[in-house]
Amino acid sequence: MAINEVQFQLVMATIRRLRKTAGDRRLDVLVFGYPDLLVGRPMLEKLVGAALVHDLPERADADAVRSWHKLRPDFPVYDTLALFDRLGLDVTVADVAALQGMERIVDLNDPLPDDLRRRYDLVIDPGTCEHCFNVGMAFRNVCEAVTLGGYLVHMAPLTFIN
């Protein structure tokens, strides 16, 4: 899954909204599928500030990510979880496979595990639901993961050219 510039603007607007009530406490975030951050440095600095981007590491597999998404060789592929950590987010990545090795294995076609229900301030679905056979259950699971007063950011990447 990927988060492009337009989608990241939506994520950041949601985080700013959450900060109005949560203050400086770390936010619990659930992301379905490891999100490749496809945001160029100028836009990233505009959205989060140059100080947070200054020494942000690039992903170890940046070349593979660039190839997969057909990006130019000099496009930066920053470590999404490192950025989210700097933004004060405690992130759980749920996926059907351990592609990065740190994912919580969850099949959205099946009921959501109890320990993931009503727990997260922010749930980000960067397009995972569109890959599920049982779309109704997948959407129910995404909604059930959000805590009262939390937010869900759902993206449908089929509307974007890749």
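Which residue is the bridge partner of leucine 30 in E6? In this predicted model, the position opposite leucine 30 is taken by valine 123 of strand E6. The pairing belongs to a parallel arrangement in which strand E2 (residues 27-32) is joined to E6 by three bridges.

Strand E6 also pairs with strand E7 (residues 146-154), again in the parallel sense, and five bridges connect E6 and E7. Within this second pairing, aspartate 125 stands opposite histidine 154 of E7. Strand E6 spans residues 120-125, and six of its six residues are buried, so the strand is largely enclosed by the rest of the structure. In a regular strand, side chains alternate between the two faces of the sheet. For E6, burial under the criterion of less than 20% relative accessible area applies to six of the six residues.

Helix H2 (residues 41-48) has both buried and exposed positions. Its buried residues are Met43, Leu44, Leu47 and Val48. Viewed down the axis of H2, these residues fall within an arc of 105°, so they line one face of the helix. An α-helix has 3.6 residues a turn, so residues three or four places apart point the same way. Pro42 and Lys46, on the other side of H2, are exposed.

The buried residues of H2 pack against four elements: helix H1 (5-22), strand E3 (36-38), helix H3 (50-53) and helix H5 (80-86). Just after H2, glycine 49 adopts a positive phi of about 100°.

Conventions
Residues are numbered from 1 along each chain as its sequence is written. This is a predicted model: local features need pLDDT of at least 70, side-chain atom pairs count only at pLDDT 80 or more; totals for chains, interfaces and linings use all residues. Side-chain values use heavy atoms; hydrogens and water are left out. Buried means under 20% relative accessible area, exposed over 50%, partly exposed in between (1.4 Å probe, protein chains only). Helices (H or I, at least four residues) and strands (E, at least two) are DSSP runs, numbered from the N terminus. Two strands pair if DSSP finds at least two bridges between them. The arc is that of the directions from the helix axis to the C-beta atoms. Contact means heavy atoms within 4.5 Å.
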